[in-house]
Amino acid sequence: MAKKITIYTTNTCAYCGMVKKYLGNKGHEFEEINIDQQPHRQQEALEISGALTVPVTVVTREDDSQSVIVGWNLSQLAPALG
Amino acid sequence: MSEQKVNDLVIIGAGPAALSAAIYTTREDIQTLLYEKAVPGGLISTTDWVDNYPGFPDGIAGLELAENMRKQAERFGAVIEMGEVTDVKKEANGNIKLDTTDGEVFAKTVLIATGSGYRKIGVPGEEEYYARGVHYCATCDGAFYRDKKLVVVGGGNSAVQEAIFLTRFASHIDMLVRSDFRASDILVDRLEKEFKDKITVHKQTTTDQIIGEKIDNIDRVTKVVGTDKASGKQVEFQTDGVFVFVGLDPNTGFLKETAVELDEIDFVKSDDSLETSISGVFVAGDCRSGATMQIATAVGEGATAALRIREYLEG
Ligand SMILES: Cc1cc2nc3c(=O)[nH]c(=O)nc-3n(C[C@H](O)[C@H](O)[C@H](O)COP(=O)(O)OP(=O)(O)OC[C@H]3O[C@@H](n4cnc5c(N)ncnc54)[C@H](O)[C@@H]3O)c2cc1C
């Protein structure tokens, strides 16, 4: 099970909406970091994912292991949530 | 053995063509299931602003238009499943079998409304730096280029529109147009008048190579090499990223091994009633041979296909 979920988003990104909706439908709580509103956190998203794109979803499990999912990628997101 | 469910209609995709068809079919009480592999709303959900879809005198955000279409279809009972369709086949009993990432699905009729995806330029560096400096979606990735330099490749409507959108973030944009603008005069006029300080247009300039290096241990794009066709000379543009808008290719790869006939550039062939080479399988929108690649026309074709599907089901 996920202990913490963080999503990096922007205002205009449609795929971010898909990830948020999916997590909401599955009853997961998440922290959203909108880099349009918090531009100083953009570097963080880049360092975590190695990519200049959103959404970036970081799933931290009970044992502190992490999965980083770049984009709207259900085949990676669903198993990461456990 | 449990009886297999046969849907009245399965629509492949949930873009404007699909959602428009679903609004019509569900209102006619035709049970309708849509399969969408990415985002309901299709390409418009990643488009910043739409100014040419009737009914919105001041224009509308692409994402909002997409959401509105989805809600309208769902209001009448359309069901959207997230998943990808990988095969379409007519069975001996007349039903159509679809393979999806969730398993097999059966239908009396099918509408292919898979639209198109971003075309690549096909130059060295493009693949290597994908999402690390090479991008195809401005609304998704533009925010990473605040106060940075960008190159935009392309000269059509999308390229001009998205370059204008990217000026929100970028300090300067070099726009590389292989020949001359193909965009509408009104857009080009706006670009040349309102954005001439931020966007420098280089016509007759090809994009030949995207070059990058590791900066702070992360792969980053640093320059684009092209050719000025007039002089034949190599030109270089220092940049932090490249956005490519050179057109769209139909999402029809999964149909190549099927009995659905494609034209020579892989768009789905259809007759006057939008029926494909498999009876009961229809096509609408950007993936159809002869499509005009607009939201309004995709929506129109979706509605037409829905009426033809009703006739087909009524036999
Ligand atoms: C940057 C940009 C700006 C644009 N601006 C405008 C504009 O201002 N005005 C205008 O009229 N048009 C505009 N267009 C064109 C417009 O977006 C398209 O004409 C329109 O979206 C076509 O609708 P469609 O339903 O045929 O296809 P799409 O919108 O492409 O939808 C097809 C859907 O099918 C899904 N799909 C594909 N294959 C499968 C599969 N095998 N299984 C399941 N799902 C699948 C896709 O994920 C997609 O969501 C723009 C396009 C771009 C790229």
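**Disulfides, ligand shell and two strand residues**

B:C140 is buried, with a relative accessible area of 5%. This cysteine belongs to a predicted model, and a convenient place to begin is the bond in which B:C140 takes part. Its partner is B:C137, and the two sulfur atoms of this disulfide are 2.2 Å apart. B:C137 has a relative accessibility of 8% and therefore counts as buried as well, the cut-off being under 20%. The torsion about the S-S bond of B:C137 and B:C140 is about 70°, so this disulfide is right-handed.

Over all chains, the structure holds two disulfides. Chain A contributes the pair A:C13 and A:C16, whose sulfur atoms are 2.1 Å apart. Here the S-S torsion is about 105°, which means that the bond between A:C13 and A:C16 is right-handed. Both A:C13 and A:C16 are buried. Another cysteine of chain B, B:C287, has a relative accessibility of 0% and so counts as buried.

Attention now turns to the ligand. It is surrounded by 37 residues, of which B:E36, B:L43, B:N52, B:D286 and B:I295 are the closest. Sorted by class, this shell comprises 18 nonpolar, 14 polar and five charged residues. Several secondary-structure elements of chain B supply at least two shell residues each: the helices α1 (16-27), α4 (157-166) and α6 (295-314), together with the strands β2 (32-36), β3 (49-50) and β9 (116-118). The element that gives the most is α4(B), with three residues.

Readers setting up an interaction analysis may like to see the backbone atoms that approach ligand oxygens. For B:L43, a backbone N or O atom lies 2.9 Å from an oxygen atom of the ligand. The corresponding distance for a backbone N or O atom of B:P16 is 3.2 Å, again to a ligand oxygen. At B:M293, a polar backbone atom is 3.3 Å from an oxygen atom of the ligand. As for coverage, the ligand taken alone exposes 1,000 Å², and the protein buries 95% of that area.

One residue of chain B that touches B:E36 is B:I80, and B:E36 is itself among the residues closest to the ligand. B:I80 lies in strand β5 (residues 79-82) of chain B. With a relative accessibility of 18%, B:I80 counts as buried because the cut-off is under 20%. Leaving aside residues up to four places away in sequence, B:I80 touches B:A14, B:L19, B:L34, B:E36, B:P40, B:R70 and B:E74. B:A14 stands 66 residues from B:I80 along the chain, yet their C-alpha atoms are separated by 7.5 Å.

A strand residue of chain A completes the picture. A:T60 is part of strand β3 (residues 56-61) of that chain. Its relative accessibility is 13%, so A:T60 counts as buried. The side chain of A:T60 makes a polar contact of 3.1 Å with the side chain of A:Q66. When residues up to four places away in sequence are not counted, A:T60 touches A:A2, A:K3, A:K4, A:S65 and A:Q66. A:Q66 thus appears both in the list of residues touched by A:T60 and as its partner in the side-chain polar contact.

Notes: Residues numbered from 1 in each chain as written. Chains lettered and ligands numbered in written order. Predicted model: local features only at pLDDT ≥ 70, side-chain atom pairs only at ≥ 80, totals over all residues. Heavy atoms only, no water. Helix = DSSP H or I, 4+ residues; strand = E, 2+ residues; numbered from the N terminus. Buried < 20%, exposed > 50% of the residue type's maximum accessible area, 1.4 Å probe, protein only. Polar contact = N/O pair within 3.5 Å; in protein donor to acceptor, adjacent residues only side chain to side chain. Contact = heavy atoms within 4.5 Å. Disulfide = S-S within 2.5 Å. Near = heavy atom within 4 Å. Areas by Shrake-Rupley, 256 points an atom, 1.4 Å probe, with all protein chains shown as cover. Nonpolar A, V, L, I, M, F, W, Y, C, P; charged D, E, K, R; others polar.
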